[in-house]
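Got the viewer open? Here is a short walk through the model, one selection at a time.

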Amino acid sequence: MSPTDASADAVSAASTDIGTGACPDAGEDSAARGIGRSTDNEDTLDLRLPDELVALFKEGRSGADAATADAAVGHGHGHGHGHGHGHGQVHGRWSWSDSTAQRALRTPGGDGLLDGLADWGPIATAAGVFQLVPVRVERDLALVCRWMNDPAVAAFWELAGPQNVTEDHLRPQLAGDGRSVPCLGVLEGTPMSYWEIYRADLDPLARHCPVRPHDTGIHLLIGAVTDRGRGLGSTLLRAVADLVLDKRPACARVIAEPDLRNIPSVTAFLSAGFRFSAEVDLPAKRAALMIRDRSLRDLL
């Protein structure tokens, strides 16, 4: 699934099908998680299957992967697994050391499909030092669940309810093959947002929207009300898109699909250097396909 926010600066990344955001302040739209077709002639579908997808078929994993993809269509992406670090807090700031979970992220079947996201490290932004930290259920479930129950977030992510609802959304990603990694966004040492970084070309989205090998999707919600409505969404979206392009050399585009009605979210993506590509019909919504091109990153 994915998100959208109520605030003009809420940054949400669509929830289910395309990694993008809805409202830049809170969360994205569950509709955004739907999938659609694009008529943008520039975004022609590359018919060559990604090497990773071919490998999965050869390994006879289609059954398990199909189940994950189907669950994702109802909840978000066809997510894979990304295990979180063993984190602790030092003087209110997060720090981490190597652990079994962290090492798993670096191995094939960990988050190799996203080029070692766990090791991407921090990035400097106008709002402070920011880092994506892979979610660990036992540590982060209560926090993510609280954010999902915020009315502004719930309206788009549709994950309000007890902790098991949020857990059922996270587990398929954490138990998958690394094609989608749920993360906390940590700004100046404080967890303040939830992200899903995923391989759009290995996602159910690819069945409905022209995607290219290694296209990377983003879903995002900003948790604290005090962090919404002040442009923070655009700042972090630009930073994370740049991080993806810097850490994933094979990725030429970062994509998102906020609900077309979510003007604040679409505005946030435009301010973050994304371009509007097309309107796409997804199962649960009509979305704005937003694209951040590597070739245009210094121009937009």
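**Start at the strands**

Select S8 (residues 253-256) along with S10: the two strands pair in the antiparallel sense, over 4 bridges. To see one of those contacts up close, pick Arg253, whose bridge partner in S10 is Asp293. Keep in mind as you go that this is a predicted model.

Now add S9 (residues 275-282) to the selection. S9 also runs antiparallel to S10, and 7 bridges join them. Click on Val280 and look across to S10, where Ala287 stands opposite. Follow the chain from one strand to the other and you'll find that S9 and S10 make a hairpin, with 2 residues between them.

Before leaving, switch on a surface for S10 (residues 285-293). How many of its 9 residues are buried? The count is 8, so this strand is mostly covered.

**On to the cysteines**

Next, select Cys251. Cys251 is buried, and its relative accessible area is 0%. Then jump to Cys145, which is buried too, at a relative accessible area of 7%. Don't spend time hunting for a disulfide, as the structure holds 0 of them.

**A valine in H6**

Stay with Cys145 and add Val165, which sits 20 residues away along the chain; their C-alpha atoms are separated by 8.1 Å. Val165 belongs to helix H6 (residues 163-174). Is Val165 buried or partly exposed? Its relative accessible area is 22%, and buried means under 20%, so Val165 counts as partly exposed. Show what surrounds Val165: leaving aside neighbours within four places in sequence, this residue is in contact with Leu159 and Ala160.

**Last stop: colour by pLDDT**

Finally, recolour the protein chain by confidence. The average pLDDT is 72, and 63% of the residues score at least 70. Which elements mark the two ends of the range? Select helix H4 (residues 137-148) for the highest mean pLDDT, 98, and helix H2 (residues 62-75) for the lowest, 30.

Two stretches deserve a selection of their own. Over residues 1-25 the pLDDT is below 50, though the model gives this stretch 248 contacts beyond near neighbours in sequence. Residues 56-110 also have pLDDT below 50, and here the contacts beyond near neighbours in sequence come to 156. Where pLDDT is low, the predicted coordinates should not be read in detail.

Key: Residues numbered from 1 in each chain as written. Predicted model: local features only at pLDDT ≥ 70, side-chain atom pairs only at ≥ 80, totals over all residues. Heavy atoms only, no water. Disulfide = S-S within 2.5 Å. Buried < 20%, exposed > 50% of the residue type's maximum accessible area, 1.4 Å probe, protein only. pLDDT = per-residue confidence, 0-100. Contact = heavy atoms within 4.5 Å. Pairing = 2+ DSSP bridges.
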